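Subject: Structure for your review

Dear colleague,

Please find below the structure that I am handing over to you. My notes on it follow directly after.

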Amino acid sequence: LCIDVKQLNMKKIRFATLVLAVLTALFSLSGCNGVKKLEDLKVTSANIESIMPDGLKGMVLNLAVGVDNPGVQVSLSEISCSFKHSGKVLGMVAVDPFTLNAKTADVYHLKANVKLGENTTLFDFGRFLDKSALDGAVLDFSANVKLKSGLSKKLVYNDVPLKKLLETAK
């Protein structure tokens with residue numbers, strides 16, 4: 001079999017863009033009860049610094065994500081996401097823990113581990129180059145959010161339409 005390397009790289013970049021959309025949505029959708037300013041977090045930039053293969057069914061993404069945090073220090077851990085289409089899990093993402101500094105606009109360098117679902121290949125993501133295929137795509141994601149004061153909450157979102165996240169991320 002002959003693999004078109006440019007096409008494979010485009011699919012990797014497209015999937016990495018989905019990971020960035022998830023992080024953006026996590027910040028914009030996160031409304032902790034009793035925690036003012038958490039919803040004021042804004043992603044100001046997002047770039048893929050590197051994509052490294054991790055076996056045949058995974059990759060490691062190094063990301064640079066700019067975040068404006070007008071509020072208190074926020075730590076995020078156990079960040080995970082699953083990407084589904086037509087009931088089938090196509091991929092899972094886990095992001096290493098990180099802390100957003102209080103009252104700053106900084107760029108954070110994050111590491112995300114991406115694994116493809118069972119019986120899924122990078123070529124399965126080729127259909128998402130066509131935006132109409134996003135209609136049936138949903139994400140489940142969760143993260144533990146902890147404030148410097150010690151107050152913490154687990155945020156869980158299930159079956160969030162990918163189109164909605166991408167619109168939120170814009």
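The paragraphs below set out what was found, from the overall fold to individual side chains.

Please note at the outset that this is a predicted model.

**Overall architecture**

The protein has two helices and eight strands. Along the sequence these elements follow the order α-β-β-β-β-β-β-β-β-α. The chain has 170 residues, of which 42% count as buried. Among contacts with a separation of 6 or more, 67% are between residues 24 or more positions apart. The exposed surface of the protein comes to about 9,000 Å², and carbon and sulfur atoms supply 54% of it.

**The hairpin of S1 and S2**

Strand S1, residues 42-53, pairs with strand S2, residues 58-69, in the antiparallel sense, and 10 bridges join the two. Within this pairing, Ile48 has Leu63 of S2 as its bridge partner. Four residues lie between the strands of the hairpin, and Gly55 there has a positive phi near 75°.

The loop of this hairpin also takes part in a salt bridge: Asp54 is joined to Lys115, with the closest N and O atoms 2.5 Å apart. Since Asp54 belongs to the loop between S1 and S2 and Lys115 to strand S6, the pair ties together parts that are 61 residues apart in sequence. Asp54 is partly exposed, at 31% relative accessibility, and Lys115 is partly exposed as well, at 35%.

**The salt-bridge network at Lys84**

How many salt bridges does the model contain? The count comes to three. Besides the one described above, there are two that involve Lys84, and Lys84, Asp140 and Asp159 are linked in a network.

In the salt bridge between Asp140 and Lys84, the closest N and O atoms are 2.9 Å apart. Asp140 lies in strand S7 and Lys84 in strand S3 (residues 74-85), so that pair links parts of the chain 56 residues apart. Both Asp140 and Lys84 are buried.

The side chains of Asp159 and Lys84 also meet in a salt bridge, at 3.1 Å from N to O. This pair links distant parts of the chain, with Asp159 in strand S8, Lys84 in strand S3, and their positions 75 residues apart in sequence. Asp159 counts as partly exposed, because its relative accessibility is 47%. Lys84, by contrast, counts as buried because its relative accessibility is 16%, and the cut-off for buried is under 20%.

**Aromatic pairs**

A search of the whole structure finds two aromatic pairs. One is formed by Phe98 and Tyr108, a tilted pair with 6.4 Å from centre to centre and 40° between the planes. Phe98 is in strand S5 and Tyr108 in strand S6, 10 residues apart, and the pair links distant parts of the chain. Phe98 counts as buried at 10% relative accessibility, and Tyr108 counts as buried at 9%.

Phe141 and Tyr157 form a tilted aromatic pair too, with a distance of 5.2 Å centre to centre and an angle of 40° between the planes. Because Phe141 lies in strand S7 (residues 137-147) and Tyr157 in strand S8 (residues 152-161), the pair ties together parts that are 16 residues apart in sequence. Phe141 and Tyr157 are both buried.

**Asn101 and Ala105**

Two further residues may be of use when you inspect the model.

Asn101 is placed in the loop between strand S5 (98-100) and strand S6 (104-116). With 34% relative accessibility, Asn101 counts as partly exposed. Which residues does Asn101 contact, leaving aside its neighbours within four places in sequence? They are Asn69, Gln73, Asp106 and Tyr108. With Asp106, the side chain of Asn101 makes a polar contact to the side chain at 3.1 Å. Val74 is 27 residues from Asn101 in sequence, and their C-alpha atoms are 6.8 Å apart.

Ala105 lies in strand S6. Is Ala105 buried or exposed? Ala105 counts as exposed, because its relative accessibility is 57% and the cut-off for exposed is over 50%. Not counting residues up to four places away in sequence, Ala105 touches Val67 and Asp68. The C-alpha atoms of Ala105 and Asn69 are separated by 6.0 Å, although the two residues are 36 residues apart along the chain.

With kind regards

Notes. Residues are numbered from 1 along each chain as its sequence is written. This is a predicted model: local features need pLDDT of at least 70, side-chain atom pairs count only at pLDDT 80 or more; totals for chains, interfaces and linings use all residues. Side-chain values use heavy atoms; hydrogens and water are left out. Buried means under 20% relative accessible area, exposed over 50%, partly exposed in between (1.4 Å probe, protein chains only). Contact means heavy atoms within 4.5 Å. Accessible areas come from the Shrake-Rupley method with a 1.4 Å probe; for residues, only the protein chains shown count as cover. Two strands pair if DSSP finds at least two bridges between them. A polar contact is a pair of N or O atoms within 3.5 Å; within protein, one must be able to donate a hydrogen and the other to accept it, and residues adjacent in sequence count only if both atoms are side-chain atoms. Rings of Phe, Tyr and Trp (its six-membered ring) pair if their centres lie within 6.5 Å; planes under 30 degrees apart count as stacked, over 60 as edge-to-face and the rest as tilted. A salt bridge is a side-chain nitrogen of Lys or Arg within 4 Å of a carboxyl oxygen of Asp or Glu.
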